[in-house]
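Visitor: Could you walk me through this one? I'm new to reading structures.

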Amino acid sequence: FNKHMMDFGHQSKPLITTIDSDLQFLAQDALAQTMEKYNAKEGAALILDPQTGEILALTNLPSFDPHNFDGNLAHTKNTCVTECYELGSVFKICAALAAIDEKVVTPDELIDCKNTRSTYIDGRKINTVIPSGIIPFEEVIAQSNNIGIAQVAQRLGPKLYDHYARLGFGKKTGIPVPGENKGFINPPKNWSKQSIISLSYGYEVSANLLQLGRAFSIIANGGYWIDPIL
């Protein structure tokens, strides 16, 4: 634990955070190297204990030095919580969890992924990066096949929305950091024919990095809700 002293008037009180200084340093170093490798303009990194919800590292770049502030307010934001994105294929894990929990599929059920990069399902075009044939559902997830997960998500219908909400998407985590963005899940009342397909692989839903970390922690710890702690 790091212990920082803050001055409140004439009193000094200890502020104890969950941040592990060693992990924070390593996370920021890895983030900087990754951004340089991919020529990224900004990035964020999070390390979260899935059992306790303790945030062990929380960093984003570009950052700023409060003792030498350049005046760019954008750099003062903690983008781990302030910025939400359509995160894409990482949501396949959440869709798979919903499908297995609702018993509309089993991990070993064979799913026909059409052995193509592009096909139509119910008149809607679906693209995927790597073509797969008939494979077990667990391989659909392992190979991140859009065609396979879309077919399974159709069995869920509006229940997919319910499961995303149960994992904490679309609402704030409540972390005591300014400017948290709650994100968005397109509700069934606004769905088009494309929506269930898009939602199955992470579109028409947006989340911040901490929300994603919490959802993956719930999966990793066996299904127990956690509140991120800082």
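**A helix, a patch and a glutamine**

Guide: Sure! This is a predicted model, where local features need pLDDT of at least 70, side-chain atom pairs count only at pLDDT 80 or more, and totals for chains, interfaces and linings use all residues. Residues are numbered from 1 along each chain as its sequence is written, and side-chain values use heavy atoms, with hydrogens and water left out.

Visitor: Which helices do the buried residues of α3 pack against?

Guide: Helices here are DSSP runs of H or I, at least four residues, numbered from the N terminus. In α3 (residues 92–101), K92, C94, A95, A96, A98 and A99 are buried, meaning under 20% relative accessible area (1.4 Å probe, protein chains only). Those buried residues pack against α4 (137–142), α5 (146–156), α6 (159–166) and α7 (195–200).

Visitor: Is L97 buried or partly exposed?

Guide: L97 is in α3 too. Partly exposed covers what lies between buried, under 20%, and exposed, over 50%. With a relative accessible area of 34%, L97 is partly exposed.

Visitor: Which residues make the nonpolar surface patch?

Guide: Patch residues have over 30% relative accessible area and no salt bridge, and nonpolar side chains are joined within 5 Å. A salt bridge puts a Lys or Arg side-chain nitrogen within 4 Å of an Asp or Glu carboxyl oxygen. α3 and α8 each supply at least two residues of the patch. The patch covers about 330 Å² and is made by V90, I93, L97, F216 and I219.

Visitor: What is the relative accessibility of Q211?

Guide: Q211 is found in α8 (residues 209–220). Leaving aside neighbours within four places in sequence, Q211 is in contact (heavy atoms within 4.5 Å) with residues including C84, F169 and S206. Q211 counts as buried because its relative accessibility is 0%.

Methods. Patch = residues over 30% accessible without salt bridge, like charges linked within 9 Å, V, L, I, M, F, W, Y side chains within 5 Å. Areas by Shrake-Rupley, 256 points an atom, 1.4 Å probe, with all protein chains shown as cover.
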